[in-house]
Amino acid sequence: MTVAAGAREEAGLRLGAGIGWRPEIADAVERMDVDWVEAVAENICPGHVPESLLRLRARGVTVVPHGVGLGLGGAGRPDAGRLAALAERAEVLGSPLVTEHIAFVRAGALEAGHLLPVPRTREGLAVLCENVRVAQDSLPVPLAVENIAALFTWPNEELTEGQFLYELVERTGVRLLVDVANLYTNQVNSGEDAVRALDGLPLEALAYVHVAGGVLREGVWHDTHAHPVPPQVLALLGELCARAEPPGVLLERDDDFPPAGELEGELRLIRETVRGSAAAAGGSAVVPRTGGAAVPEATRARLAEEQYALLAALVAGGPVPGGFDAERLAVQAAALAGKRGQIVGKVAPELPRLLGARYRSAFRAYATTRPLTGGYRRDALDFAAHVLEHAEPPLPARTRRALGRWHADRSGPVPPRGGPLRRLGRGRRRGEEAGG
């Protein structure tokens, strides 16, 4: 299917009420009354699609791949391999569209492990538009892009979110995935009136809507996807539905999963909100793509320097770039380290079990100066080595022995560090040779 043909087909798409499919709730989702599901694209291997998704597809449930790793707002052009993988997932799942985020996720060798805001400047917009066009030309179905939640803003921004998104849609013809939970997050954290923001969005390009929960900590709203949807977010959904009929609405939940009955209750509230405030059905339009001039390499180079400096401050202990709110960046840095620690704890669940209450603080101390560069499995090994060599106060002997064995079992006979850790590896082998 060509992009143009896909756009015409997707224009009349009606998704209904859906939920984010996650392996932890796969069985529950199959038992629910859902019209469609969304699955994280990077978690699906085309040659090994989870049986749960195949069963859902077989009964006619639409599956939409939702990407988190393209980094369309980054200074570099989208990676061809990542685009090919996203296209392959859309084909395998028979999806009517794919979605991604208006965000950057890496700069140079640094990985954020999170979606970070792009500067709402003319140059930032030009780079984003060109990256979106590159992605559109590589995908077999239409692309929709999502507004993100942010704990901070860039200095010297030139456009409101509505202006930024209107121009993005006008130049590229891309569709929008509007996350009302993210609008609420930005209202709390940045003072951006969420209803006014809705009025500024090009809702004629609406593909579907996300709703999710979060939590307020020390005056900052964290979009956790691990809490129930609050009334304020449902109210924003109602405001959106009064302005445009959404082709679909999806409940996101990524952690601390409640019983299936609670998720079904949230889906009922979403359906009731849509029915109670829906605008007259008129469908969403496919906005024609107007194109644009190629972005000068000097523009990309400037943006690359700015994004690298920001990311270094967030994940590598670098200085706060001029114009940014240092307190907000500190909150974001702590959130990034916490999220990274949670993922490492899932990849290597033995680590939080071995370290107990010390795990969280030890990981944050490690992450402050050790950016993520080699994936989460490598991160788990490096963290274990770091704790063995630098833990303060020192680990209890039993914990140290167990952690040393864990590291040695997963990194070869001699862990890749000198000093005490190397001696521990040699001591363990001598003990095994002696039958100890």
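This is a short tour of salt bridges and paired strands in a predicted model, with a suggestion at each stop for what to select next.

**Stop 1: Arg-22 and Asp-254**

Start by selecting Arg-22 and Asp-254, and show their side chains. They form a salt bridge, with the closest N and O atoms 2.7 Å apart. Now colour the chain by position: the two residues are 232 residues apart, so to speak at distant parts of the chain. Arg-22 sits in the loop between strand E1 (16–21) and helix H2 (26–31), while Asp-254 is in the loop between strand E12 (248–251) and helix H10 (260–277). Turn on a surface to compare the two ends of the pair. Arg-22 counts as buried, at 8% relative accessibility, and Asp-254 counts as partly exposed, at 27%.

**Stop 2: Arg-253 and Glu-266**

Step back by one residue to Arg-253, then add Glu-266 to the selection. Here is another salt bridge, and its closest N and O atoms are 4.0 Å apart. Because Glu-266 lies in helix H10 and Arg-253 in the loop between E12 and H10, the pair ties together parts that are 13 residues apart in sequence. Is each partner buried or exposed? Glu-266 is buried, with a relative accessible area of 11%, and Arg-253 is buried too, with 6%.

**Stop 3: Glu-297, Arg-77 and their network**

Next, select Glu-297 and Arg-77, whose side chains meet in a salt bridge (2.8 Å, N to O). This pair also links distant parts of the chain, 220 residues apart. Glu-297 belongs to helix H11 (residues 297–315), and Arg-77 to the loop between strand E3 (62–66) and helix H4 (80–93). Arg-77 counts as partly exposed, at 43% relative accessibility. Keep both on screen and add Glu-130 and Arg-300: salt bridges that share partners join these four residues, Arg-77, Glu-130, Glu-297 and Arg-300, into one network. If you would like to keep exploring such pairs, the model has 21 salt bridges in total.

**Stop 4: Strand E9 and its partners**

Finally, switch to a cartoon view and select strand E9 (residues 206–211). Six of its six residues are buried, so E9 is largely enclosed by the rest of the structure. Which strands pair with E9? One is E8 (residues 175–179), which pairs with E9 in the parallel sense over four bridges. To find one of the contacts, pick Leu-176, whose bridge partner in E9 is Leu-206. Another is E12, parallel to E9 over three bridges. Here, pick Val-209 and look for Val-249, its bridge partner in E12.

Conventions. Residues are numbered from 1 along each chain as its sequence is written. This is a predicted model: local features need pLDDT of at least 70, side-chain atom pairs count only at pLDDT 80 or more; totals for chains, interfaces and linings use all residues. Side-chain values use heavy atoms; hydrogens and water are left out. Buried means under 20% relative accessible area, exposed over 50%, partly exposed in between (1.4 Å probe, protein chains only). Two strands pair if DSSP finds at least two bridges between them.
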